[in-house]
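Subject: Handing over a structure, with notes

Dear colleague,

I am passing on a structure that I would like you to look through at your own pace. Please open it first, and then read the notes that follow below it.

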Amino acid sequence: GEARTFPSRHTALLYTIIMASQDGSEGVVMEAEASPKKEAVVKCEKAGEGDADVEENSNAQGSGVSNGDDTDDGKEMVELKIIWNKNKYDLKMPLDGTGANLKERIHSLTGLPPAMQKVMYKGLLPEDKTLRDIKVTNGAKIMVVGSTINDVLAVNTPKEAIQQEVKAEENKKEPLCRQKQHRKVLDKGKPEDIMPSVKGTKERLPTVPLSGMYNKSGGKVRLTFKLEQDQLWIGTKERTEKIPMGSVKNVVTEPIEGHEDYHMMAFQLGPTEASYYWVYWVPVQYVDAIKDTVLGKWQYF
């Protein structure tokens, strides 16, 4: 082999050409200039390897290109309005997507991790059911409440401790419905205009306020769940208390003896039992939905 140069009118890249002899030993190393319009061979390798690498890289690059909607092609879609932290987002989801899928989409929109989300649609949205299952319609408003991990840990660590203390105390005491302070309300009997109960089933929150119940003074009380504001409204004849759901430390419930299809329920608004706000004759089918909505499953994060 003899060294040769490639004529060029411009300065070009310097390439090293290694010529391999038939017996495998290296030949003469040659340096040459290459034209900017034509690349020289960089290295001779075994026949076919270079081409295979190029083809493989080309395929890999092609397969990585996506418009992000491939997985939704051909699926029945529903358009949603996501509302979080006073911001609104438009989102299109497959109707057969689950609550968990929706949380992932919300994560991509807001940056709020799924574990930190409390997603509301007529109550707390279940992760294991599809949007079709819970009858989400086109243009539905989905409310999202969530905070940073530091905020959640700061707020909910004492909540969990309070709940454990309350359960321990409950085990030591006689049933709540037999205690004197509750008996004077329960002895009035079931209100005539109370909402009907459905024993043995769990339902999502109704779209209308829960009404016809008593408070601890025996007056009528209604519960309204303002999901967009993340507030619980406790209304009486005299006034309406608007309570942020995040400020409720615990929710205590117990079936009413002899009327197990109704519960007595307390919302703990402060650090001690003295802050309990009692509500009597809550229909049993709404008990779990109320607790999940007010406390939120994310409190156990």
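Before we come to the helix, one term is needed: two parts are said to be in contact when they have heavy atoms within 4.5 Å of each other. Please also keep in mind throughout that what you are looking at is a predicted model.

The sheet and the helix

The model holds an open sheet of 7 strands with antiparallel pairing, and as you move across the sheet the order is β10-β9-β8-β7-β13-β12-β11. Strands β10 (240-244) and β11 (250-256) stand at the edges and have a single partner strand each, so one side of each strand is left without a neighbour in the sheet. On average, and with direction ignored, neighbouring strands of this sheet are turned by 30° against each other.

At one of these edges, β11 is joined by 7 bridges to strand β12 (residues 259-268), and these two strands run antiparallel; if you would like a place to look, find N250, which stands opposite Q268 in β12.

Helix α5 (residues 287-295) lies across β7 (210-215), β8 (220-226), β11, β12 and β13 (276-283), and the helix runs at about 170° to β11.

Strand β3 and its two partners

Strand β3 (residues 77-84) is a useful one to study, since you can follow how it pairs with β4 and with β6. With strand β4 (residues 87-94), β3 pairs in the antiparallel sense over 8 bridges, and W84 stands opposite N87 in β4. These two strands form a hairpin with 2 residues between them, and in the turn you will find N85, whose phi is positive at about 55°. With strand β6 (residues 140-146), on the other hand, β3 pairs in the parallel sense over 5 bridges, and here I82 stands opposite I142 in β6.

The second largest pocket

The second largest pocket encloses about 350 Å³ of space. Its lining is made up of 18 residues, and those nearest the centre of the pocket are K122, P206, T207, F225 and L227. Which strands each supply at least two residues of this lining? They are β6 and β8, and it is β8 that gives the largest share, with 4 residues. When the lining of this pocket is sorted by class, there are 11 nonpolar, 3 polar and 4 charged residues.

With best wishes

Note on methods. Residues are numbered from 1 along each chain as its sequence is written. This is a predicted model: local features need pLDDT of at least 70, side-chain atom pairs count only at pLDDT 80 or more; totals for chains, interfaces and linings use all residues. Side-chain values use heavy atoms; hydrogens and water are left out. Two strands pair if DSSP finds at least two bridges between them. Axes are lines fitted to C-alpha atoms, for helices over the stretch in contact, and angles run from 0 to 180 degrees between N-to-C directions. On a 1 Å grid over the protein atoms alone, a cavity is a set of points where a 1.4 Å probe fits but cannot get out, and a pocket is an open set with protein on both sides within 12 Å along at least five of seven lines; lining residues have an atom within 4 Å of a point. Grid points are joined across faces, edges and corners, and a volume is the space filled by probe spheres set on the points. Ala, Val, Leu, Ile, Met, Phe, Trp, Tyr, Cys and Pro count as nonpolar, Asp, Glu, Lys and Arg as charged, and the others, Gly among them, as polar.
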